[in-house]
Amino acid sequence: MNDYIVEMTNITKSFGDVKAVVDGQFNLKKGEIHSLIGENGAGKSTMMKMLYGIYPNDSGTIKIKGKEVQGLTPNIAIKDGIGMVHQEFMLVNELTVLENIILGFEPTKNITIDFDKAKKEIQKYIDTYNMDIQPGKKINQIPLGEAQRVEIIKTLYRGAEIVILDEPTAVLTPQETVKFFEILNSMKADGKSIVFISHKLKEVMEISDRITVMRDGQYMNTVNKEDTDIDELAKLMVGREVFLNVKKKDVVVGETVLKIDNLWTSGEKELSKIKGISLDVKQGEILGIAGIDGNGQSELIEAITGLRKVEKGKVILDGEDITNKSPLKIRKSGMTHIPEDRNIRGLNRKLSIKDNMIAVKIDKKPYSKGLVLNNKEIDSFTKDLIERFDVRPTNPEILTEALSGGNAQKIVVAREVDADGKLLIASQPTRGVDIGAIESIRKILNEVKANGKGIILVSADLDEILSLSDRIAVMYEGKITGILDAKNGNENNIGLLMMGGKLGHNDSEDIGGNL
Amino acid sequence: MVKRRTFITTKSPNKYINLLLTTLVSILIGAVIMLALGHNPIEAYIQLFKGAFVGKLNLGTTLQKFAPLLLTSLAFATAARAGVFNVGVEGELYLGAIAAAWIGYTFTSLPGPILILLCMVVAALVGAAWSYIPSSLKAYLGVNEVCVTILMNYVALYITSYLVNGPLSAKTGVPQTPTVAAGAKLAQFMKPSQANMGLFIAIGVAVLVYWILNKSTLGYKFTTVGLNPLHAEYIGIKPEKSIINSMFLSGAIGGIAGAIEVLGTYGYFLDNFSSGMAFDGMLAALIVKNDIKMVPFMAFFLAVLKSGALGMERYTGVPKSVVDTIIAVFIIFATMEALFAFLQKRKAKLVEEQI
């Protein structure tokens, strides 16, 4: 006998022809925080979904508390003390926090729900783990970080001893993450076992006791935190050395390329999502825009690129007023744009690599003349881009929907960088792509900058912002809460600005704050 | 090796086998229906085949029916490429037809070939202009084109009805226009059938449309807009423009279809002559999911069914509406296939998300 409360050995799982997990090994001790790491598609979520009974495993054994279980379903898993917090929260927006927590497991008094009893029990968790939530509020009235705590309490309320957290920090600011880790530690102290799925190595090193690495559906290794470091983990994950922190190139900053003056624009729901933003970007500079998703970054970019109507204010690109011009005109003025969602805006997934690469040049010589396409030129152009930007597979006729996230993104990057504009907007350029592609996309952005272009980099990944930007603007609720020189930026002061806070003047040169 | 450029890469090679199977099953179901009605299906199909192919009259009629079907199915597929569901080809056909008839009997002094060309061009322009109403409504105001085009078919039909009973009437007691100049008539062949040179015009148009849709910048833009308008907008292709242009092309083809009927088959515009020609074309395009390479074959197949049905009814007593039933079964299968594809896609997407 050993002291593992979960043991998964020799697990395999295929979806149709796709082998998601080839050789999965995972075990969990009682009272530990065990990280499961790997790139997108490495099979880590699949492993845990098998443990939670969402998918049956094809072969291999799963033991929970020493007993082998077969035909696991989520219901059985919950009874066995397993709880899972998914990447996308499974909460009912229109119900209150309290109702969500007890949903399906309501304590009853005769035939009515005993809310008092439920409240008391939930208060117990709130007190023990110091998780502040507001049981009376509806889910759509609380912030994401709180919704996550609700999810965790939900699993605990259902009697979970083992809590699986799938990429939990993706929605949190650095400060929220710190607090979140405190909660995890107090849960650990209380004897709960936690599986932490992530690909953020820094956080993994901070919180874990042990770490299991997966690559391409395969178990690589399990290590104690004390015996490893970030570099080793990255190497295990990717299979080679990676250099994510590209060295910033010092480029002589030139003229202002883009000037945004008191910009107002509407959102999907609100009338004014962007409330008076002023920014400027110079040649040879990367301006990072940090902020939690949904604070108006998307709307700002759409307004600049002509995809959303500007209500008020001016956008000036290299001296030319492009406010409310058509996307085509704006492109012609020298704007290039890597959009945040490659599957919707960035690519036409039903078209081939070639058709996607030529998209912005379809009306340009020598690729076409009038109505007639010059296929020879288009083919050689595509081949050249595929080679230069290392897109795989290299067959230009393959539909882009068949490509991995990283390669699909490289097509967008290749097309926009090759278009050679004055300004490049890179919105979430490395979201959902593998580490290899992250590395090369960051390198490309730096090269573009070295060529004297201006770049706006919007990213939810603060590390990315910090490692690439020369200046950092932080957005909160449609406004800029501060613009810092990258030298003065760190997780603390940017995190504070991300939550709408204000910096003292000692912290940094706070210019252009709009609070 | 560089493959030929087509915007939509064929996904599964068994698409054609699928269609063949669908055809067979539809025919089988047709046979079952005939059995249920107390007829001998084998005999009926033999007569249907004979009615479509054997003898000058029969084969000629098939070809004569094929020409407008080919054009109307292309018209539908063209708009569909840009994501527009154009049910209005029937209206475009009527208006194109009456325009061609008017030109044909008014400018009689022009030499034949020029007159024919003029008829065709004006018919195309009229059809295109008519299509601008639904296309601009859709592009700029987001009005659903299906609704508008269906309703506008009636408007077009009644306009022609009024004209042919009033200002443009030949005053013969039959609602028709005067006969066009002899030079404007398209030469007929395989008499006594009404097969005419319009067939070759239709084939020419088909080749042109194929080139435009699959090999030109215009076709690229249609395709991009049809598949993903958000992407098109971002890339700098105006979805509005492509929607309108594809409808112009679609309307023009519809107009030419009408002109061919007037100049080739009748020699004049006859009130209510089409009786749903464009809808048959739409069905042909829908069955092959607007695959421009397959549209001609499906249009031909429907022409065979339609013209063979007459012979079948005459010799075996099987009502020719059975043929419509077969076509309907066809549509059901084609839709079901789309349903399966959708389910499969959803499954694939789930798998993708799961990993």
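**Exercise 1. Find where Pro393(A) sits in chain A, and describe the peptide bond before it.**

Solution. Pro393(A) falls in the loop that runs between helix H13 (375-388) and helix H14 (405-418) of chain A. Helices here are DSSP runs of H or I with at least four residues, and strands are E runs of at least two, numbered from the N terminus. Next, look at the bond: Arg392(A) and Pro393(A) are joined by a cis peptide bond, with omega about 0°.

A word on the model: it is predicted, local features need pLDDT of at least 70, side-chain atom pairs count only at pLDDT 80 or more, and totals for chains, interfaces and linings use all residues. Residues are numbered from 1 along each chain as its sequence is written, chains are lettered from A and ligands numbered from 1 in the order in which they are written, and side-chain values use heavy atoms, leaving out hydrogens and water.

**Exercise 2. Locate the loop that holds Pro366(A), then give omega for its bond to Lys365(A).**

Solution. Start with the loop: Pro366(A) lies between helix H12 (353-357) and strand E19 (368-369) of chain A. Then check omega, which is about 5° for the cis bond joining Lys365(A) and Pro366(A).

**Exercise 3. Work out the sign of phi at Asn272(B), and whether the residue is buried, partly exposed or exposed.**

Solution. First, phi is positive at about 60°, although Asn272(B) is not a glycine. Second, the residue belongs to the loop between helix H10 (239-266) and helix H11 (277-287) of chain B. Finally, Asn272(B) has 46% relative accessibility, so it counts as partly exposed. Buried means under 20% relative accessible area, exposed over 50%, and partly exposed in between (1.4 Å probe, protein chains only).
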